[in-house]
Amino acid sequence: MTGSTESGTTTAACCDDSADPAAATRCGARPDGLWSVDEHLADVLAAVGPLPAIELQLLDARGCRLAEDVLAEGDLPPFDNSSMDGYALRTADTVGAGTAYPSVLAVVGDIAAGAADLPRVGPGQAARIMTGAPVPPGAQAVAPVEWTDGGAGTGRPADAMTAPVEGEEVRVLRPVAEGAHIRRRGSDVAAGTRVLTAGTRLGPAQLGLLAAIGRATATVRPRPRVVVLSTGSELVQPGEPVGPGQIADSNSFTLTAAALDAGAIAYRVGGVPDDAARLRAVLEDQLGRADLIVTSGGVSVGAYDVVKEVFAEYGGVDFRRLRMQPGKPQGFGRIGPGAGVPLMALPGNPVSAYISFELFVRPVIRAMLGAEDVHRPVVRAHCPVALRSPAGRRQFLRGRYFAPDGLVEPVGGAGSHLVGALARADCLITVPEDVTELPAGSEVDVVLLGG
């Protein structure tokens, strides 16, 4: 971060073409006042990190990443138990058993799941047992009920698991190997085993495992709380009448949804007019619930852009111009008391705002989550059409990626207002700064946006 300190604050500066070379050098830009995409991204990521770990109830931790390794305190399963409905018995009693000459065993008890008072199984005996029930002492295996006459005598269905009665016998129709149909204690997870490592994202299976080993909470990196607001007096909310010179606010919906997709808890704030007092009041109101603030609009050199005016009062936001198209103007810093809350100010044009989010804000959210890889995947693909790009700008074109063919095609034009084309795109086609033309069939880098 420009002029960063250990607390992460910055000195107010404006890294654009109007700044003198010395000032540009102080804030990390090149003498022409322009930052590269990579420089800006590196600066932003250097100023943020994983949020402090907190302990949450399991369902509240869904989607978060573990802040520490998790060890099993006990065995899973915690006791030997049956994997089938059947009969717990001694294997020696079933040697040579068959349909013609079954092994006839006395039924000495009935064991349901959760039972604590277990009968002992001796020679010539068996205990009726249900799936998940503890294996009784003396038993070496479980004969599935389908391998028996169901304990009801000849002629009854093999699956007739009626309650045992005094003097009841069961006929076992085949030999049973030692350990058959028994889930041994610790066979899934042994006590002391590391079951999950720090950084693991907690989904349904991981939360189920934590519950299975008796954990009611998890120590995680919380999902960052991201406040998204759009600025501009021309903005009206969707569903409201659109008057002359007005447009519907789409950025706050796009960026809030993008923050949710990145794993954040996102709060959308409706469009804020170009009024310094109003913007200041909204920011002060939102600081208390934000780990990150994302704004769109007001970062260019327009006469009515009040965003820079208000942010300058906090003394911690730098405005920069990047060697990219779209999304050249960017703002970044911290506002608020103490170390402040990170703030990223994006351009107001819808495509510029969304691409800026994907390239810069999404990695910040992923870093706050403690994710190992904060970047979207990048693949190489051939573009069947010729591409043109302005000199000295890294261009990001919207495209459709066809993975089986290794092809990518542009969608719509290069305009930063073309939201219709943006909605049809699933990737960004990257044209490097030093390339102005690419012939048809050229191989390009493709940033995948899905997932």
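Among contacts in the protein chain with a separation of 6 or more, 71% are between residues 24 or more positions apart. The model is predicted. Its protein chain holds eight helices and 30 strands. Of the 451 residues, 48% count as buried. The chain exposes about 20200 Å², and carbon and sulfur atoms supply 53% of that area.

**Two open sheets**

Strands of a sheet pair through backbone hydrogen bonds, either parallel or antiparallel. One open sheet consists of five strands in the order β10-β7-β9-β8-β11, with mixed pairing. Its edges are formed by β10 (141-144) and β11; each has a single partner strand, so one side of each is left without a neighbour in the sheet. From one strand to the next, the twist averages 40°. At the β11 edge, strand β8 (residues 103-111) and β11 run antiparallel and are joined by four bridges. Within β11, V170 stands opposite L105.

Another open sheet has three strands, ordered β3-β14-β4, and its pairing is antiparallel. Here β3 (54-57) and β4 (65-66) stand at the edges, and because each has a single partner strand, one side of each lacks a neighbour in the sheet. Strand β14 (residues 217-221) runs antiparallel to β3, and four bridges join the two. The bridge partner of Q57 is T217 in β14.

**Backbone exceptions in loops**

Most residues other than glycine have a negative phi, and most peptide bonds are trans. The model departs from this pattern at two peptide bonds, which are cis and are listed below.

| Cis peptide bond | Omega | Loop holding the proline |
|---|---|---|
| L76 and P77 | about -5° | P77: between β5 (70-71) and β6 (81-82) |
| Q325 and P326 | about -5° | P326: between β21 (324-325) and β22 (329-335) |

The bond between Q325 and P326 begins at the end of a strand, since β21 spans 324-325 by the definition of strands used here. P326 itself is found in the loop that leads to β22 (329-335).

A further exception concerns H181, a residue other than glycine whose phi is positive, near 60°. H181 lies in the loop between β11 (169-172) and β12 (182-183), and β11 is also an edge strand of the five-stranded sheet. Is H181 buried, partly exposed or exposed? With a relative accessible area of 25%, H181 is partly exposed, because buried would require under 20% and exposed over 50%.

Methods
Residues are numbered from 1 along each chain as its sequence is written. This is a predicted model: local features need pLDDT of at least 70, side-chain atom pairs count only at pLDDT 80 or more; totals for chains, interfaces and linings use all residues. Side-chain values use heavy atoms; hydrogens and water are left out. Buried means under 20% relative accessible area, exposed over 50%, partly exposed in between (1.4 Å probe, protein chains only). Two strands pair if DSSP finds at least two bridges between them. Contact means heavy atoms within 4.5 Å. Accessible areas come from the Shrake-Rupley method with a 1.4 Å probe; for residues, only the protein chains shown count as cover. Axes are lines fitted to C-alpha atoms, for helices over the stretch in contact, and angles run from 0 to 180 degrees between N-to-C directions.
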